[in-house]
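User: Please take a close look at one loop residue and follow the chain from there into the interior. Keep the cut-offs explicit.

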Amino acid sequence: MSRILVLNCGSSSVKYRLYDGDEVRDKGTVERVGEPGGGPADHESAVRGIIERLDLDGLAGVGHRVVHGGRRFSEPVLLDDAVITAIEDLVPLAPLHNPANLAGIRVAREALPDTPQVAVFDTAFHHTLPEAAATYAIDRETAERYGIRRYGFHGTSHAYVSRRTAELLDRPYAELNTITLHLGNGASACAVRGGRSVATSMGMSPLEGLVMGTRSGDLDPTVIFHLRREAGMTVDEIDDLLNHRSGLLGLTGANDMREVLSRRDAGDPAAALAFDVYCRRITRYVGGYYALLGRVDAVTFTAGVGEHATAVREASLAGLERLGISVDPARNAGSGDRVISPAGTEVTVCVIGTDEEREIARETREVLGSRA
């Protein structure tokens, strides 16, 4: 059961990893899927090309990332026709991602009909959220009828990083309280108590929460009504604005934090404001999650921005010293998985590289092992 293929189909890319035990035998990313003048015409073609190229002799299973599992899927499951139908039913909750995930699943099952395949859901890690954390304060019957609640995302990343934090600190995972900050083009915060998600910033969709590359994050819903009534924008236009033309891109014209930091350092006021808005939002979530957890052992940064933007880490935690949270400038300037807080601080601040594909492989092995 050592060889596992992981397929992570995004809205316009396919990332793959072939594991032999803990070792990565092959890996890559197919970019610009379905884009004019870009890569493969669609996800089916991309996945088919990956499978044809790889040496899959002795393959024990395939693990698929599925973004939205709704309320039905609280853990990874072995794929069959009924599970696929259920994932299809959840497409309205994740219209950009679940169809791409399903395309990869269908091609892999067709190409490898005798190989067991497992769906690992982004939302599953957050099924431990208390009802008070998952429930929106709207009419209960309407919410139940249309599946309106907090689901949370980046679950495989938050699971992997919180577990790696315990390993880095040589502490029992079941005893550690951690705030994990997944800061990439998409960004989310998660409060993890003893290996269980108890709060997370993304909600019914990945739009809620932190400021992101192109997404607004938290927003007064009245903005939507105002744009509809006063600007005459359609629902689809507002959706496009908040998901694809907001966040860092909307504030600066650039969705890459590296460019925002470069412009900020050059004295661009728009970039300076965007940086402050971005970091201030993180600070608010860290402080709020500290209060919810009651005791915090570690704050861990991960993903592209979280792992590489020293200025973001420093600014996001500035002012939290009274909570025992601070950053050591010399350690913050280092590289690799490490502690970046001063020695002896109450809360350990860490930087850990996320590895969602490795987490998917681990969970896939657990499902396959339970069948033995």
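Where is Asp170 found?

Analyst: Asp170 sits in the loop between helix 6 (155–169) and strand 7. Helices (H or I, at least four residues) and strands (E, at least two) are DSSP runs, numbered from the N terminus. This is a predicted model, in which local features need pLDDT of at least 70, side-chain atom pairs count only at pLDDT 80 or more, and totals for chains, interfaces and linings use all residues. Residues are numbered from 1 along each chain as its sequence is written, and side-chain values use heavy atoms, leaving out hydrogens and water.

Asp170 is not a glycine, yet its phi is positive, about 55°. Its relative accessibility is 70%, so Asp170 counts as exposed. The classes are: buried under 20% relative accessible area, exposed over 50%, partly exposed in between (1.4 Å probe, protein chains only). Arg32 also has a positive phi of about 55° without being a glycine. Arg32 lies in the loop between strand 3 (23–30) and helix 1 (43–53). At 41%, Arg32 is partly exposed.

Now the interior. The largest nonpolar core (buried Ala, Val, Leu, Ile, Met, Phe, Trp, Tyr and Cys residues joined through side-chain atoms within 4.5 Å) has 44 residues. Leu183, Tyr278, Val299 and Val312 have the most contacts inside this core. Strand 7 (177–183) is among the elements that each supply at least two of its residues; others include strand 8 (187–193), helix 11 (269–293) and strand 10 (298–302). Helix 11 gives the largest share, 11 residues.

Take Val299. Beyond its neighbours within four places in sequence, Val299 is in contact (heavy atoms within 4.5 Å) with residues including Ile179, Leu181, Val286, Leu317 and Cys350. A second, separate core of 20 residues includes Val14, Leu56, Val62 and Ala108.

Cys350 deserves a check for bonding. Disulfides, meaning pairs of cysteine sulfur atoms within 2.5 Å, number zero in this structure. For Cys350, the nearest cysteine sulfur belongs to Cys190 and is 15 Å away. Cys350 is buried, at a relative accessible area of 0%. Cys9 is another buried cysteine, at 2% relative accessibility.
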